[in-house]
Amino acid sequence: MRGVQNEEKIVGVLGLGIFGERVATELSEYGCEVIAIDTDAAKVQKISEQVTNATIGDFTDIELLRNVGINNCDVVVIATGTHLESAVLAVMHCKKLGVPQIVAKARSLMFEDVLYEVGVSAVVAPERDSGHRLASKILRNKIDEVLRLDDDTSIIEFEIPEAWIGKLLTNLDLRRKYEINLIGQRSERGENLTGINIAEPLSEDVILVGIANTHTFEKFDYLGQL
């Protein structure tokens, strides 16, 4: 779920339970345009000042989806995991409206199978923290993988930002700017890690691996500031 920079991403969130609210608010914090829909006026009011467009309505109504701009979304998150019929209708409507990526919440393997059958891009489980994980995947620009070592520290694999290409590591001052210490590089995912020659300019065709302050480095990546 990567591609355009965050300031260009438009994400629809259909359903504002714990999961949907977490996805919508976290994406908004990092500059995504968020269109949120729920039938519950209180839930819509709760996040109305945090998202681009919060609408009270039934997201199984394709005309409502069209009117609020779901057809302009890069990603739509169908955040209801209890009503399979509603989720399926929402998936079908989003596909008709040309949404390129559709992610849906599922409470069981049966739900998951049905949702994949009707064409979702990905399914997420309904754990409380999965909203944060999904938001992170949508927000990523250069980050490929994150292996968390503790609450603050992770091993992070990422593509080289354009601004770093052709420059020497010694001139980038990465530890101070981004709180990351590079430990190696790969030519592609899955290959063995090799060392980085600090005397050679960085090449665009490698993946960098480093130990980082998770929150600091993810924030720079999510905001497109690497």
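Reader: What makes the contact of Arg186 with Glu157 a salt bridge?

Author: In this predicted model, the closest N and O atoms of Arg186 and Glu157 are 2.8 Å apart. The cut-off for a salt bridge is a Lys or Arg nitrogen within 4 Å of an Asp or Glu carboxyl oxygen, so the pair counts as one.

Reader: Which parts of the chain does that pair tie together?

Author: Arg186 belongs to strand β9 and Glu157 to strand β8 (residues 153-159), so the bridge links parts that are 29 residues apart in sequence.

Reader: Why is Arg186 called buried, and why is Glu157 called buried as well?

Author: Buried means under 20% relative accessible area. Arg186 has 17% and Glu157 has 12%, so both residues earn the word.

Reader: How do you know whether Glu63 and Arg66 are buried or exposed?

Author: They fall in the middle class, which runs between the buried limit of 20% and the exposed limit of 50%. Glu63 has a relative accessible area of 41% and Arg66 has 38%, so each is partly exposed. These two also form a salt bridge, with their closest N and O atoms 2.6 Å apart. Because they sit 3 residues apart in helix α3 (residues 62-68), about one helical turn separates them.

Reader: And why is Arg176 called exposed?

Author: Its relative accessible area is 59%, and exposed means over 50%, so the word fits Arg176. Its salt-bridge partner, Asp173, meets it at 2.5 Å, N to O. Asp173, with 32%, is partly exposed. In total, the structure holds 6 salt bridges.

Reader: Where else does Asp173 turn up?

Author: Asp173 helps to line the largest pocket, alongside residues including Leu169, Arg175, Ile180 and Ile198. That pocket has a volume of about 240 Å³. Strand β9 gives the most to its lining, with 3 residues.

Reader: What makes Asp173 and Arg175 count as charged in that lining?

Author: Asp and Arg are both on the charged list. The lining of the largest pocket holds 2 charged residues, together with 6 nonpolar and 2 polar ones.

Reader: How does the lining of the second largest pocket divide by class?

Author: There the count is 5 nonpolar, 10 polar and 3 charged residues. Among the 18 lining residues, Gly15, Asp38, Phe59, Thr80 and His83 lie nearest the centre. Helix α1 (residues 18-29) supplies the largest share, 3 residues. The volume of this second largest pocket is about 200 Å³.

Note on methods:
Residues are numbered from 1 along each chain as its sequence is written. This is a predicted model: local features need pLDDT of at least 70, side-chain atom pairs count only at pLDDT 80 or more; totals for chains, interfaces and linings use all residues. Side-chain values use heavy atoms; hydrogens and water are left out. On a 1 Å grid over the protein atoms alone, a cavity is a set of points where a 1.4 Å probe fits but cannot get out, and a pocket is an open set with protein on both sides within 12 Å along at least five of seven lines; lining residues have an atom within 4 Å of a point. Grid points are joined across faces, edges and corners, and a volume is the space filled by probe spheres set on the points. Helices (H or I, at least four residues) and strands (E, at least two) are DSSP runs, numbered from the N terminus. A salt bridge is a side-chain nitrogen of Lys or Arg within 4 Å of a carboxyl oxygen of Asp or Glu. Buried means under 20% relative accessible area, exposed over 50%, partly exposed in between (1.4 Å probe, protein chains only).
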